[in-house]
Amino acid sequence: MQSLLLKVEGMHCGGCAQSIKRLLERQPGVLSAEVSFETGEARVQIDPQRIGPDRLTGVLAPAGYQASVQATG
């Protein structure tokens, strides 16, 4: 398991945060996601054998959100 912190731009409300959470959690290899509109961040637990950071940021782009990896652990 790997933990990622994503900085997400383009969120305008709590509903956006919920949409991002759903988008992330639908991806194979994502174990959990917590998204905060207030901080503009998403904390995501992944299986690095199944998914990587580039895939996560790519999933959000078509929905209108720009994401970048801030930290891994």
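1. A term to start with: two strands count as paired if DSSP finds at least two bridges between them. Keep that in mind as you look at this predicted model. Strand 1 (residues 2-9) and strand 3 (residues 41-46) run antiparallel and are joined by six bridges. To see one such pairing up close, find Lys7, whose bridge partner in strand 3 is Glu41.

2. Now step back to the whole sheet. Four strands make an open sheet with antiparallel pairing, in the order 2-3-1-4. Strand 2 (30-36) and strand 4 (66-72) stand at the edges with a single partner strand each, so one side of each has no neighbour in the sheet. On average, and ignoring direction, neighbouring strands of this sheet are turned by 25° against each other.

3. Next, the helices. Helix 1 (residues 14-25) lies across strand 1, strand 2 and strand 3, and runs at about 170° to strand 2. Helix 2 lies across strand 1, strand 2, strand 3 and strand 4, at about 30° to strand 1.

4. Which residues touch the most other members of the largest nonpolar core? They are Val8, Met11, Ile20, Leu24, Val44 and Leu56, out of 19 residues in that core. Strand 1, helix 1, strand 2, strand 3 and helix 2 each supply at least two residues of this core, and the largest share, four residues, comes from helix 1. As a general background, nonpolar side chains tend to be buried together in soluble globular proteins. Try clicking on Val8: leaving aside neighbours within four places in sequence, its contacts include Ile20, Ala42, Leu60 and Tyr65.

5. Lys21 deserves a visit too. Its side chain meets that of Glu25 in a salt bridge (3.0 Å, N to O); both residues lie in helix 1, four residues apart, about one turn of the helix. Lys21 also forms a salt bridge with Glu34, where the closest N and O atoms are 3.5 Å apart. This second pair links distant parts of the chain, with Glu34 in strand 2 and Lys21 in helix 1, 13 residues apart. Together, Lys21, Glu25 and Glu34 are linked in a network of salt bridges.

6. Are the members of that network buried or exposed? Lys21 counts as buried because its relative accessibility is 18%, and buried means under 20%. Glu25 is partly exposed at 36%, while Glu34 is exposed at 52%.

7. Finally, look at Thr57 in helix 2 (residues 53-60). Thr57 is buried, with a relative accessible area of 18%. A polar atom of the Thr57 side chain lies 3.0 Å from the backbone oxygen of Asp54. Beyond neighbours within four places in sequence, Thr57 is in contact with Leu6, Ala67 and Ser68.

Methods. Residues are numbered from 1 along each chain as its sequence is written. This is a predicted model: local features need pLDDT of at least 70, side-chain atom pairs count only at pLDDT 80 or more; totals for chains, interfaces and linings use all residues. Side-chain values use heavy atoms; hydrogens and water are left out. Buried means under 20% relative accessible area, exposed over 50%, partly exposed in between (1.4 Å probe, protein chains only). A polar contact is a pair of N or O atoms within 3.5 Å; within protein, one must be able to donate a hydrogen and the other to accept it, and residues adjacent in sequence count only if both atoms are side-chain atoms. Contact means heavy atoms within 4.5 Å. Axes are lines fitted to C-alpha atoms, for helices over the stretch in contact, and angles run from 0 to 180 degrees between N-to-C directions. A nonpolar core is a set of buried Ala, Val, Leu, Ile, Met, Phe, Trp, Tyr and Cys residues joined through side-chain atoms within 4.5 Å. A salt bridge is a side-chain nitrogen of Lys or Arg within 4 Å of a carboxyl oxygen of Asp or Glu.
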